[in-house]
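Colleague: I have a new model open and I'd like to learn how to read it. Could you walk me through a few features?

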Amino acid sequence: MASPGWHEPSNPAPSPYAPLLGDDDQRTGVKAKCRRPTKFILLLVAGLLAVGLLVALVDRDGYAKKLSSSMPNDEATSTSSGLESTPRPAVARGVAEGVSAKSNGPFLFAGEGTPFSWTNQMLAWQRTAFHFQPRKNWMNGNKFSPLLYKGWYHLFYQYNPDGAVWGNIVWGHAVSTDLIHWRHLPIAMVADQWYDQNGVWTGSATILPDGQLVMLYTGSTNATVQVQNLAYPADPSDPLLIEWVKYPGNPVLVPPPGIHFKDFRDPTTAWYTSEGKWRITIGSKVNKTGISLVYDTVDFKSYELLDGVLHGVPGTGMWECVDFYPVSRTDENGLDTSDDGSGVKHVVKASLDDDRNDYYALGTYDGVRGKWIPDDPTLDVGIGLRYDYGNFYASKTFYDQEKRRRVLWGWITETDSEAADIAKGWASLQAIPRTVLYDKKTGTNLLQWPVEEVEKLRLNGKSFDGVEVKPGSVIPLDVGSAAQLDVVAEFEIDKEAKEMVNGTDAEYVCSTSGGAAERGALGPFGLLVLADNDQSEQTPVYFYIAKGTDGNFKTSFCSDLSRSSKATDVRKGVYGSTVPVLEGEKLSMRVLVDHSIVESFGQGGRTCITSRVYPTNSVHENARLFLFNNATDAKVKASIRAWQMNSANIYPSNDSMNKFNFVVLKSCSAIFIVAILYGFFF
Amino acid sequence: MKSFAFSCIVLAILPSLSTSYALPPLKKSNHHIFMVREKVNDLIENTCRNTPDYQLCFSTLLSDPRSFDADTYGLGLIIVDALKDKATSAVNAINRLKGSNPEFIRPLIKCSISYNAILKADIPEAIEGLRKGVPKFAEYGMADTAVEVQGCENSFKQSNSPLTDLNKQVYDLSIVAKSIIRMLL
């Protein structure tokens, strides 16, 4: 880990970036094949939308009454952009509390040159439109447990109600029926007992066969000892789970002998053993070996520690937010945490405190001994595969029993300065939830894909078929403003060139490569997102194919942030990893762009990269989408489908404004419907 | 039942595990104090050897009597406290410099913002993270301090910063603090 060196100030360079491509770029625009509806259909759809809107409003009104009276009414903003992609209101500026935070993570930015002067407008643009985040202040998903209860998805997250920095942590709470549109609920849990006085941290929920819900969470005691506590809903019939009760006999678990009292946290969801008991695992470490302890229980109040550990890996340090779940080797659906059998593989995932990345491995679970063995010891937990090669931590999965899928949800932190976060008034957010499946084709990895519900936000679909991208060219894709996008792209590289190219023994590693500007025979090629017209800022997401001396191909999937922003006080780097590509497969990627978030899924979700991007110029209407091919020897043929994305409006503006909008919108909808009916009959 | 009994035993010893870094001074024989101090000096010595700036770490810790009774969390807090003193001095210097030189107007605004983030966000985050046993966020705070102070320094043109000495001291302390905090992960 490189520490930043102290830099004496220097005169700023006239242009901080080398251009991605040389002067020989070929830039040709491509017109999309738009599916434009006729006026009649447009009118009909508008009418139907208006009716739907009204129904939705009435329905949500009913739901809103369930919320605490202190909750702002954000119905109006939720729906006002239902017909069009409207600019979002500016975020409140200036945090009175003056507390902010973020994280450069363990990898320090070392800034050179004159600091960038952020404007409020630029900072306001960074707030996301369809990702979950609190209205303001700091959140970290580090300690949360998603779950589905009586038709509602619940998110409990670590929240600082007092500022945009980590601290004063309580459990924030939000609910949704589709994992995309969220409602903020009152704080679910605070530190008010001796056994959680220094923190109410990670919890995991288990739904018992009779429908009861129990929550185990880590508390930091008045002596900062990490213990596990039990909590449950005060009113199990309340689908919103507003009130929580802490078990009077807490704590139910304390650190066992040999475990440091600050290394005992993050209990998992429980699963059934063949003996009919519940089993959980809890992350820890012994010296520098990350481990996960295993406990059996029948009532969640008293526990038996199993001999040994579920698994441990030397050199990986503290395991946080351990996750353990089965994936089917045969079926397309997710599995309940207790499912087991011959058609099943088990995943162990740990969040490494040492490097703040989420690692997983596939393996076999021995339920009798309470042990798990990796399929490939060289790809063990913490030394092998990552869920995501960008900015993604403390994720957890839950089983969605209604849609029979396993959903993974991770936390994305900021990579700008805390001074910027103070100005923004918020920091950190949740990634788009992903379904997780075993990759039956490769047998070596998981497939992660944005939950299908996110597709409901798609607007203005455009497609570009068979676009030929010559070596060293950049092609604008006319999709309009590209600050909120869902893009699916397929690439076919020239077969002849692939064969002609000489293999080398040079290894390509995204993070140590020269990024998208480093030209090879067969790459990089892909998309430029959040790029302005002259690409003074750009975030390439791309494939790079390396041919070995043995004639085999190895494909990398990367995201290059080095030209993503003119600002000097944000973290930039090249993220990514190799991605398995099987014989006969086209290269494919999906990219979700939501202002300062870029989530990229390579080859159906075999390799994923989440980036925080803070452009200064490629914002609002200046944000564009381009195709590029920076290979020297091969042309590629690309087919793209792109949609602008509607806002999910998770955050409201202020209460009174919302109420006003709500009334106005309802009235307008009613008038609109009357007008249509009038036109129809007369 | 076994685990219940075990829980009771562990709970009984919990208070003895308390990590308060500001323990009351020892009132035992001089010999005992000497022994304890020697042992603790080992902790200071070993901790500082594992930071990038042994001299700064060692001298800062030795100048604070709390160091002799502190564990590694406590040593981290003492460095953060020293950093806080320097950052406060920097804010005073910024206020004194206002109006002194037209060229300093913009840089000093930037430095006010930087030191506001350091004093109101980074340092409280580091202190709370260390006190509550969450070194991860303490590290975030110190990592950002290095970013902020570099931003302040770089806002002056042509190396004419009147704050170089203080900025450098804050920066160096943030690096030491960060490396001690990483020992706690």
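Modeller: Sure, we'll go through domains, their interface, disulfides and salt bridges.
This is a predicted model, where local features need pLDDT of at least 70 and side-chain atom pairs count only at pLDDT 80 or more, while totals for chains, interfaces and linings use all residues. Residues are numbered from 1 along each chain as its sequence is written, chains are lettered from A and ligands numbered from 1 in the order in which they are written, and side-chain values use heavy atoms, with hydrogens and water left out.

Colleague: Which domains does the assignment give for chain A?

Modeller: Domain bounds come from an automatic or database domain assignment. For chain A that gives domain 1 (137–448) and domain 2 (452–645). Their centres, taken over C-alpha atoms, are 32 Å apart.

Colleague: What area is buried between domain 1 and domain 2 of chain A?

Modeller: People often give the size of an interface as the accessible area lost when the parts come together. Here, buried area (accessible area, 1.4 Å probe, that two parts lose on being put together, summed over both) comes to about 2,400 Å² between domain 1 and domain 2 of chain A, with carbon and sulfur atoms giving 53% of it. In terms of contact (heavy atoms within 4.5 Å), 31 residues of domain 1 of chain A meet 29 residues of domain 2 of chain A.

Colleague: How many salt bridges are there between domain 1 and domain 2 of chain A?

Modeller: A salt bridge is a side-chain nitrogen of Lys or Arg within 4 Å of a carboxyl oxygen of Asp or Glu. Between these two domains of chain A the count is seven. A:E453 and A:K403 form a salt bridge, with their closest N and O atoms 3.4 Å apart.

Colleague: And over the whole structure, how many salt bridges turn up?

Modeller: The search finds 43 over all chains. Take B:K136 and A:E320, whose closest N and O atoms are 2.7 Å apart. B:K136 sits in helix α6 (residues 135–154) of chain B and A:E320 in strand β18 (residues 319–328) of chain A, so this pair joins two chains. Helices (H or I, at least four residues) and strands (E, at least two) are DSSP runs, numbered from the N terminus.

Colleague: How many disulfides does the search find?

Modeller: A disulfide is a covalent bond between the sulfur atoms of two cysteines. With a cut-off of sulfur atoms within 2.5 Å, the whole structure has three over all chains. A:C510 and A:C558 form a disulfide, their sulfur atoms 2.2 Å apart. The torsion about their S-S bond is about -65 degrees, so the disulfide is left-handed.
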